[in-house]
Amino acid sequence: MTKKIFCYLILAVIVCSCSTNPYKTTEKVYDQQLKTLENQITSKDPQQIPGVNPLVIDTSYAQQLGIIKDTLSKTGSTSLINGISTEWVGTVNFNLRKPSFVIIHHTAQDSLQQTISTFTKTKTQVSAHYVISENGKVVQMLNDYLRAWHAGNSTWGKTTDLNSCSIGIELDNNGFKPFTEAQIGSLVALLTKLKKDYNIPTQNFLGHADIAPGRKQDPSALFPWKILAEKGFGIWPDEVLEPAPFDFKIEPALRIIGYNTKNLTAAIQAFKLHYIQTDATSTLDRKTIDTIYSIFKKQVQ
């Protein structure tokens with residue numbers, strides 16, 4: 001009897017040793033890193049932008065983030081349709097995905113508070129990471145690493161889901177009046193921070209109209225794209241335009257720049273709204289062709 005019990009004990013030790021998680025140490029590192037990232041995306045502390053006093057807006061943000069955190073923390077096994085179940089082994093090499101585009105909008109509303117009200121109602125299904133008022137105040141409404149709903153159905157080059165890889169900035173402007181000096185000053189300060197934080201390429205600072213030709217017209221023709229380009233946020237045509245070659249093709253050039261050319265007329269209008277501004281028609285005059293050629297050359301450099 002004693003010998004039998006001893007055999008059972010030996011068997012139990014063998015079973016326990018076989019069931020020990022060989023990845024216990026790395027799983028602990030994974031959990032620690034995950035906790036750090038969870039704290040990072042749940043932080044609502046004001047970010048320092050020189051000369052700007054951010055507003056503090058209380059919304060149901062924390063409740064929404066609960067969904068994100070639950071998804072981040074989910075581990076274990078998942079059954080696939082072929083009957084195989086996944087096995088969980090946490091890696092220690094990871095971080096949050098970083099945005100690679102900034103998309104600029106105007107709100108087409110009458111005040112900062114109206115826009116905040118729109119972005120804090122579930123039924124509107126629209127949001128942005130930042131809203132900048134006429135007097136230069138900046139309201140951050142979503143962590144930079146999270147996906148806002150600002151771009152909608154949009155494309156740029158081969159990217160077909162701009163919401164997943166961009167930061168959306170809304171400027172308090174109804175679309176018919178000039179943007180204020182204070183507002184553009186805060187925008188430049190914010191863009192300076194974002195470009196540094198996420199190493200966003202110069203050519204990836206775009207307008208909503210650029211990524212949704214024909215569907216969107218923001219920011220308006222009054223937006224100072226040239227000023228932004230001079231400060232490193234976007235590209236701008238040469239002051240003296242080089243004539244485009246005789247065989248220069250407009251449609252493939254616009255497509256290479258990034259525009260969706262399925263509706264070529266809309267793509268031309270969106271391009272002119274950004275780079276010519278005094279004429280946002282679909283007319284292909286010499287200035288328009290040479291401007292497209294100038295931007296095309298800069299984009300492929």
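Trainee: In which sense do strand β2 and β3 pair, and over how many bridges?
Mentor: This is a predicted model, so keep that in mind. In it, β2, residues 130-132, pairs with β3 in the antiparallel sense. The pairing runs over three bridges.

Trainee: What is the bridge partner of Ile-132 in β3?
Mentor: Val-138 is the partner of Ile-132.

Trainee: What holds strands together in general?
Mentor: Strands of a sheet pair through backbone hydrogen bonds, and the pairing is either parallel or antiparallel.

Trainee: What is the strand order in the open sheet?
Mentor: Read across it: β3-β2-β4-β1-β5. That is five strands, with mixed pairing.

Trainee: Which strands stand at the edges?
Mentor: β3 (138-140) and β5 (205-207). Each has a single partner strand, so one side of each is left without a neighbour in the sheet.

Trainee: How much are neighbouring strands turned against each other?
Mentor: By 25° on average, with direction ignored.

Trainee: Which helix packs on the sheet?
Mentor: Helix α5, residues 181-198. It touches β1 (101-106), β2, β3, β4 (166-171) and β5. The direction of α5 makes about 175° with that of β4.

Trainee: New topic. At what angle do α9 and α10 pack?
Mentor: About 80°, and their axes are 11 Å apart. α9 and α10 are therefore roughly perpendicular to each other.

Trainee: Which residues make that contact?
Mentor: From α9, take Phe-271, Lys-272 and Tyr-275. From α10, take Thr-288, Thr-291, Ile-292 and Ile-295. By type, the contact has four nonpolar residues, two polar and one charged.

Trainee: Now empty space. How do people find it?
Mentor: Rolling a probe the size of a water molecule over the atoms shows where empty space is left.

Trainee: How many cavities of 30 Å³ or more does the structure hold?
Mentor: One. The volume of the largest cavity is about 40 Å³.

Trainee: What lines the largest cavity?
Mentor: The lining includes Gly-207, His-208, Asp-218, Pro-219, Trp-225 and His-274. Two elements, α6 (208-211) and α9 (264-275), give two or more residues to the lining.

Trainee: How does that lining divide by residue type?
Mentor: Five residues are nonpolar, three are polar and two are charged.

Trainee: And how much space lies in the second largest pocket?
Mentor: About 260 Å³. The pocket is lined by 19 residues. His-105, Glu-170, His-208, Lys-216 and Asp-218 are the ones that lie nearest its centre.

Trainee: Which element gives the most to that pocket's lining?
Mentor: α4, with three residues. β1 and α4 each supply at least two. The pocket lining divides into five nonpolar residues, ten polar and four charged.

Trainee: Asp-218 came up for the cavity as well. Is the peptide bond from Asp-218 to Pro-219 cis or trans?
Mentor: That bond is cis, with omega near -5°. Pro-219 is found in the loop between α6 and α7 (225-230).

Trainee: What is usual for peptide bonds and phi?
Mentor: Most peptide bonds are trans, and most residues other than glycine have a negative phi.

Trainee: Then what about Gln-125: is its phi positive or negative?
Mentor: Positive, near 55°. Gln-125 is a residue other than glycine.

Trainee: Where does Gln-125 lie?
Mentor: In the loop between α4 (112-119) and β2.

Terms used. Residues are numbered from 1 along each chain as its sequence is written. This is a predicted model: local features need pLDDT of at least 70, side-chain atom pairs count only at pLDDT 80 or more; totals for chains, interfaces and linings use all residues. Side-chain values use heavy atoms; hydrogens and water are left out. On a 1 Å grid over the protein atoms alone, a cavity is a set of points where a 1.4 Å probe fits but cannot get out, and a pocket is an open set with protein on both sides within 12 Å along at least five of seven lines; lining residues have an atom within 4 Å of a point. Grid points are joined across faces, edges and corners, and a volume is the space filled by probe spheres set on the points. Helices (H or I, at least four residues) and strands (E, at least two) are DSSP runs, numbered from the N terminus. Ala, Val, Leu, Ile, Met, Phe, Trp, Tyr, Cys and Pro count as nonpolar, Asp, Glu, Lys and Arg as charged, and the others, Gly among them, as polar. Axes are lines fitted to C-alpha atoms, for helices over the stretch in contact, and angles run from 0 to 180 degrees between N-to-C directions. Angles under 35 degrees count as roughly parallel, over 145 as roughly antiparallel, 65 to 115 as roughly perpendicular and the rest as oblique. Contact means heavy atoms within 4.5 Å. Two strands pair if DSSP finds at least two bridges between them.
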